[in-house]
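Dear colleague,

Please find below the structure that I am handing over to you. My notes on what was found in it come directly after.

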Amino acid sequence: MDGTAFEFFSIASGFLGGLFVDPFIAFVDRPDKLIQIVSQGLSAGIMYSLVALGFVVIFKASGVFNFAQGIMVVFAGLTVVSLIEIGVPAIFAILLAIVVMGAMAVAIERVVLRPLVNQPGIILFMATIGLAFFLEGFGQTIFGADPKPVPIDALGIPDDKFRVLGDFFRKPVRIYQLDLTALIAGGLMVAAIILFLNRTKIGRALRAVADDNQAALSVGIPLPFIWVVVWTLSGLVAIFAGVMWGAQSQAGFSLAVIALKALPVLILGGFTSVPGAILGGIIIGVTEKLAEFYWRGVLGDGVEQWIGYVIALIILLFRPQGLFGEKIIERV
Amino acid sequence: MQADATPTQASEKNILLSVNNIEVIYDHVILVLKGVSLEVPDGGIIALLGANGAGKTTTLKAISNLLRAERGEVTKGTIHFEGNQVDRLTPNDLVKQGVVQVMEGRHCFEHLTIEDNLLTGAYTRKDGRTAVQNDLEMVYNYFPRLRERRTSQAGYTSGGEQQMCAIGRALMSRPKMILLDEPSMGLAPQLVEEIFEIVKKLNETEGVSFLLAEQNTNVALRYADYGYILENGRVVLDGEAATLRDNEDVKEFYLGVSGAGRKSFRDVKHYKRRKRWLA
């Protein structure tokens with residue numbers, strides 16, 4: 001056989017093997033490692049979900065893609081951390097942060113949204129880009145540009161790890177309590193938001209505004225009030241996301257780029273779906289970690305960075321509204 | 001009868017809504033209404049007639065204050081509801097006072113169920129859950145079809161059902177007056193009759209007054225008590241519905257029948273040109 005042809009075959013089979021065979025052999029060979037990686041992916045995914053959730057809440061009720069969500073997360077996290085730093089008890093720090101985010105919602109409604117009422121979505125999107133840069137500069141003036149560690153003890157977040165399944169595998173799987181806390185608290189928050197949207201009068205009004213704000217206006221739903229409610233709600237989500245995300249590393253302005261990580265999550269889950277944001281985040285998080293660990297050899301070192309966007313692209317081709325998004329109703 | 005009393009609408013019934021010589025400008029430059037005046041008596045069904053672009057929808061939106069969301073503005077004239085000036089109120093306050101609009105093209109909340117659609121109509125009410133439930137029941141009694149479709153997403157219901165849903169949703173705010181914009185649009189003739197029958201019934205039993213904008217002059221004049229005809233942003237003719245129905249010009253221009261038998265096309269064209277109310 002010709003030497004170059006043989007070389008080609010061996011490279012090709014090596015590539016395909018690396019893509020379709022080796023990882024699965026590794027799954028079976030070391031299930032403890034697989035579980036470990038999936039759990040890491042879960043914890044990263046929950047963080048994506050929390051940021052995506054903030055987007056969904058605002059998008060649902062106003063059709064605005066809020067580019068400033070990432071910086072709001074940072075802003076909220078830093079507010080809590082800074083308040084605790086100057087000696088405010090944790091519980092008050094969180095309550096004060098809620099007040100701050102509420103005040104911010106009122107200000108945004110007055111200064112940004114009200115003058116732009118009934119403008120196309122793209123104009124509002126541009127306005128939120130402006131808002132993002134303003135908040136970043138303003139935040140750096142207030143909090144300083146350096147990242148701050150989150151005082152986990154003061155907030156009462158457990159920081160230990162469980163070792164489980166040690167009897168089954170060669171090594172026990174480590175489960176971090178921090179991740180577990182994020183998972184449980186995140187779940188509770190999502191449940192609360194879903195209940196709020198589906199079971200309360202304001203929640204129903206919010207969905208109505210999302211569908212047709214002219215009609216909502218015509219039945220007497222006050223749009224400015226609804227906007228303040230959704231921005232406050234997304235501010236609440238931002239506080240939680242900021243603190244939990246900060247607890248994993250540090251609370252700093254570099255976290256604002258996580259907003260871009262939420263984009264594939266939103267496309268996957270659907271821009272209008274609360275459960276979609278959560279599941280989308282988890283799927284993206286787990287896929288990223290699996291890809292990084294098992295497919296890095298064949299797909300390259302950067303795979304963790306781009307795999308989410310590739311998934312989003314594929315989803316866009318087949319289900320433009322995302323996995324769980326509201327179906328686009330068209331009458332012909 | 002006193003000598004100086006002129007038998008106007010005002011002397012017969014309480015005036016619920018009075019629109020006094022309003023002018024509406026969109027985007028600061030486009031003059032749409034050039035002085036429209038009209039009155040709606042308590043318990044009346046008033047028709048606002050005219051062709052496309054005559055200003056019917058703008059008049060309704062000026063009353064319901066939805067204009068501002070479309071960059072329109074009432075620049076002259078006043079609007080009074082039950083004697084109070086209302087042209088500076090927000091739509092929210094106006095709904096609380098008892099004026100609600102059903103917009104042209106239904107505008108149901110597509111992704112909400114029919115029942116949720118109806119319940120959003122009760123947003124401004126403060127009289128408690130049971131009262132709202134009772135009214136929901138009332139709406140279902142007027143529109144039995146909505147009860148059948150209560151759990152369907154409104155976007156998947158038929159045009160007629162959506163129109164019923166939009167009217168039902170407006171009813172849920174317990175209005176004194178409904179501004180009904182083009183209820184016949186895109187509906188089969190039989191359904192149009194059905195909708196107008198229900199409007200009439202609501203008017204008689206619930207005491208809701210209606211100001212309805214219609215292009216279907218024929219149907220509108222059969223159900224309304226009084227009509228205004230708009231052309232180019234002005235009221236060009238008004239009168240009792242029966243009077244309007246017999247008016248030669250209305251017959252010629254809006255009802256498509258003419259008492260004088262078949263004319264040649266040349267005559268008709270000439271007549272219409274001569275008779276145009278506005279240059």
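The notes below begin with conventions, then take chain B, the contact between the chains, and chain A.

This is a predicted model, in which local features need pLDDT of at least 70, side-chain atom pairs count only at pLDDT 80 or more, and totals for chains, interfaces and linings use all residues. Residues are numbered from 1 along each chain as its sequence is written, while chains are lettered from A and ligands numbered from 1 in the order in which they are written.

**Chain B overall**

Chain B contains 12 helices and 10 strands; helices (H or I, at least four residues) and strands (E, at least two) are DSSP runs, numbered from the N terminus. Of the 279 residues in chain B, 43% are buried. A residue is called buried if 20 or more other C-beta atoms lie within 10 Å of its own, exposed if 12 or fewer, and partly exposed in between, with C-beta atoms placed from the backbone. Among contacts in chain B between residues at least 6 apart in sequence, 72% join residues at least 24 apart. Two residues are in contact if their C-beta atoms, placed from the backbone, lie within 7 Å.

**The six-stranded sheet of chain B**

An open sheet of six strands in chain B has the order E6-E7-E8-E3-E9-E10, with mixed pairing; two strands pair if DSSP finds at least two bridges between them. Its edge strands are E6 and E10 (234-240), each of which pairs on one side only. From one strand to the next the twist averages 15°. For such values, axes are lines fitted to C-alpha atoms, for helices over the stretch in contact, and angles run from 0 to 180 degrees between N-to-C directions.

At one edge, E6(B) pairs with strand E7 (residues 177-181) of chain B in the parallel sense over four bridges, and B:Val100 stands opposite B:Ile178. In E6(B), B:Val99 and B:Gln101 point one way and B:Val100 and B:Val102 the other, and all are buried.

Strand E8 (residues 209-214) of chain B has six of its six residues buried. On one side these are B:Ser209, B:Leu211 and B:Ala213, and on the other B:Phe210, B:Leu212 and B:Glu214. E8(B) runs parallel to E7(B), joined by five bridges, and B:Leu212 is the bridge partner of B:Leu180. Strand E3 (residues 45-49) of chain B also pairs with E8(B) in the parallel sense, over five bridges; here B:Phe210 is the bridge partner of B:Ile45.

E7(B), helix H8 (residues 189-206) and E8(B) form a right-handed β-α-β unit. Right-handed means that, with the strands pointing away from the viewer, the path from the first strand over the helix to the second runs clockwise.

Towards the other edge, strand E9 (residues 226-231) of chain B and E10(B) run antiparallel and are joined by six bridges. B:Gly227 has B:Gly239 as its bridge partner in E10(B).

**The four-stranded sheet of chain B**

A further open sheet of chain B has four strands in the order E2-E1-E4-E5, paired antiparallel. Strands E2 (30-41) and E5 (84-85) stand at its edges with a single partner strand each, so one side of each has no neighbour in the sheet. Strand E1 (residues 15-26) of chain B is joined to E2(B) by nine bridges, and B:Glu23 stands opposite B:Lys34.

**Where the chains meet**

The contact takes 29 residues from chain B and 19 residues from chain A. On the chain B side, helix H3 (91-97), strand E6 (99-102), helix H4 (114-120) and helix H7 (159-171) each supply at least two residues. The largest share of that side, four residues, comes from H3(B).

**Chain A**

Strand E1 (residues 161-164) of chain A pairs antiparallel with E2(A) over four bridges, and A:Phe162 stands opposite A:Ile175. Along strand E2 (residues 173-176) of chain A, A:Val173 and A:Ile175 point to one face and are buried, whereas A:Arg174 and A:Tyr176 point to the other and are not.

Helices H9 (residues 201-211) and H11 (residues 223-248) of chain A pack at an angle of about 105°, with their axes 10 Å apart. The residues in this contact are A:Ile202, A:Ala205, A:Leu206 and A:Val209 of H9(A) and A:Leu223, A:Ile226, A:Val229 and A:Val230 of H11(A).

With kind regards
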